Amino acid sequence: MQGALGPVPLAVPSAAGDAAEMVLAVRDLSVTFATEGGPLVAVREVSFDLRAGETLALVGESGSGKSVTSLAIMRLTPSAPRVKLGGSVQFADSSGRTRDLLALDADAMRAVRGNEISMIFQEPMTSLNPVHRIGNQIAEAITYHQRIGARAALARAAELLDQVGIPDARRRLSAYPHQLSGGMRQRVMIAMALACNPRVLIADEPTTALDVTVQAQILELLKELQQATGMAVIFVTHNLGVVAEIADRVMVMYAGAIVERGGVVPVMTRPLMPYTQGLLHSVPRLDPDALGHEPLEAIPGTVPNALLPPPGCAFAPRCRHVEPACEAALPILEDAGDGHQVRCRRWRAIDAVRR
Amino acid sequence: MSAAALAQPAVAAKTGNRAWRRFCRHRLALFGVAAIALLVLASIVGPSLIPFDSLKIDIRHRFAPPPSNGHLFGTDPLGRDLLVRLLTAGRISLSIGFAAMIVSTAFGTLIGVAAGYYGGAIRVTLMRFVDAMLCFPQIFLLLVLAAFIQPNAVTLTLIIAASSWMEVARVVEGQVRSLRERDFILAAEMLGASGRYVMFRELLPNAIGPIIVAATLTVARAILLEAYVSFLGYGIQPPMASWGNMLNNAQQYLGSAPWLAIFPGLMITLAVSSFNFVGDGLRDALDARFDLQ
């Protein structure tokens, strides 16, 4: 399979610059679920780097493997034998050690979770335990990793709530989750995730369940917190508007594999993979140019059955640029210059048409 | 938990209030609470207020029908005061009921949480064991165990607990299994919580409603089981009184001295139905809280 994919260039220039310290190096990460219908490859040989302070957006539609990738980094996929993780996730922790997260034992991994790498989820309404006060929930997130008294932990929880922009933080400590709005709960989740100053924050569609004004506030908050702490952010989303707003680099996933990646500007302005183009075209526009034009474009067809992936390019059945060779073998991730990489054998032709 | 140090906002108490108000609307449950309180209180202080000893034999006043000579509930075939015997028996029967509830709830919860949390082979093993235990007719299981073990209050409690923890285990396992898939459990694991922590601090408090309901119903059943076993002569041994063995003694005088059977029977009925009413009331009060979420 490695042969089919070809060598994956490891050094990807990042917007944060080469000077920034590398915190995460994912190599050939594969996630295979054992299902009744046979092995289901949810993520196939994904490789990427993440540097301190940068934001990497992971884009794709439902079932593209973006959430599974982020859960696999945290080792929070359902435990074996139902799932098999392959490849390696080299993580440089705050003490300077670099370890493979996939090789850590359960206790060592627990010490990493929430402490060095943290995560926020899509659904703030259900991500907090309904029976505990939020102050205690945040305080506990601290006490998992630090020897600290209950009183000091609560004081720190109040500080964190203040930091994530919850007014009257001290009083809010004793609130229960059901007393908070969705935006507030997501702020509490962020406070919990940041309780131990993680080096990497994985945000799995953190704004999807929120209304648009609150979305903007949360994105703003994440940006501010990132600037203040210098953490790296992996932002999982299917919302390209959000990507343009906060990402330094973009990685587009389709059917479990990376199909295009690069800096946010090249990928968004000059998408080479037909799938990325389709995604961009299907974003509704409100500007006058778009009004009165033909209806919103949709990508025809559906995501291939992950149990029976096509032998060639996974997007070929839905692609309008398809040629017979596309369906024969999986294309490799080719360099298109500027750190822009694309998994499409026809990208040159597609690019030429545009010009 | 230093949450107590913080001011409790008025809003936070509301969910609790709502459940409480729902419970108060349940008339039978309130009756149950009152009856249980009365039974417990009477059993604790009653025997010391009545001027008769529960074991003192008074041959001259055998079979005194109620109410006579200060014997409010009459006397038994050995002339012992029936009321004081009922109340001392209440001490035994209620204590066994509560103690068996605590032991079986604790054990059942432990099994249920472990099975629900770990899943896989552990779940299958534990829950099939629960199913196997449930397959035995409870009363025979109880009698077989009682036949091998010297019966006294402690062993009887353990025997009853050993035959009634399965319901709790099932309830808890079901709860935990569904709660386990909730986002906040993933969130806790994501933040680095250990398995034990997730089980007992995150999962268990969310399952507490059904556990309380099951525990209340277990008290009722434990009292009934104790009565069965003692009635059949395998439980609390005379001269010590329990509601069950009082019934046993009464059966040969059913025609001549019916009060000997009626009063212990009423006590058992009152205690068991009261606990069942309270259990129903709690179920109504607590279940709706989950709908609110």
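This is a quick talk through chain A and the side of chain B that touches it.

Okay, so keep in mind that what's on screen is a predicted model. Confidence in chain A first: mean pLDDT is 83, with 90% of the residues at 70 or more. By element, strand β3 of chain A, residues 55-59, comes out highest with a mean of 92, while helix α1 of chain A, residues 2-5, sits at the bottom with 39. And that fits with the start of the chain: residues 1-17 of chain A stay under 50 throughout. The model still has 27 contacts for that stretch beyond four places in sequence, but please be careful there. Where pLDDT is low, the coordinates shouldn't be read in detail.

Now the fold. Chain A has 13 helices and twelve strands. Its radius of gyration is 21 Å, close to the 20 Å the globule rule gives for 355 residues, so chain A is as compact as a globular protein of that length. If you want a box for it, the C-alpha atoms fill roughly 65 × 50 × 45 Å along the principal axes. As for packing, 46% of the 355 residues in chain A count as buried. And if you take contacts in chain A between residues at least 6 apart in sequence, 66% of them join residues at least 24 apart.

Last bit, the interface. How many residues of chain B are in contact with chain A? It's 24, and they meet 33 residues of chain A. On the chain B side, the elements giving two or more residues are α8 (183-190) and α9 (195-206), and α8(B) gives the most, with six. By class, that side of chain B has 14 nonpolar, six polar and four charged residues.

Technical notes:
Residues numbered from 1 in each chain as written. Chains lettered and ligands numbered in written order. Predicted model: local features only at pLDDT ≥ 70, side-chain atom pairs only at ≥ 80, totals over all residues. pLDDT = per-residue confidence, 0-100. Helix = DSSP H or I, 4+ residues; strand = E, 2+ residues; numbered from the N terminus. Contact = placed C-beta atoms within 7 Å. Rg over C-alpha atoms; globule rule 2.2 N^0.38 Å. Buried ≥ 20, exposed ≤ 12 C-beta atoms within 10 Å, placed from the backbone. Nonpolar A, V, L, I, M, F, W, Y, C, P; charged D, E, K, R; others polar.
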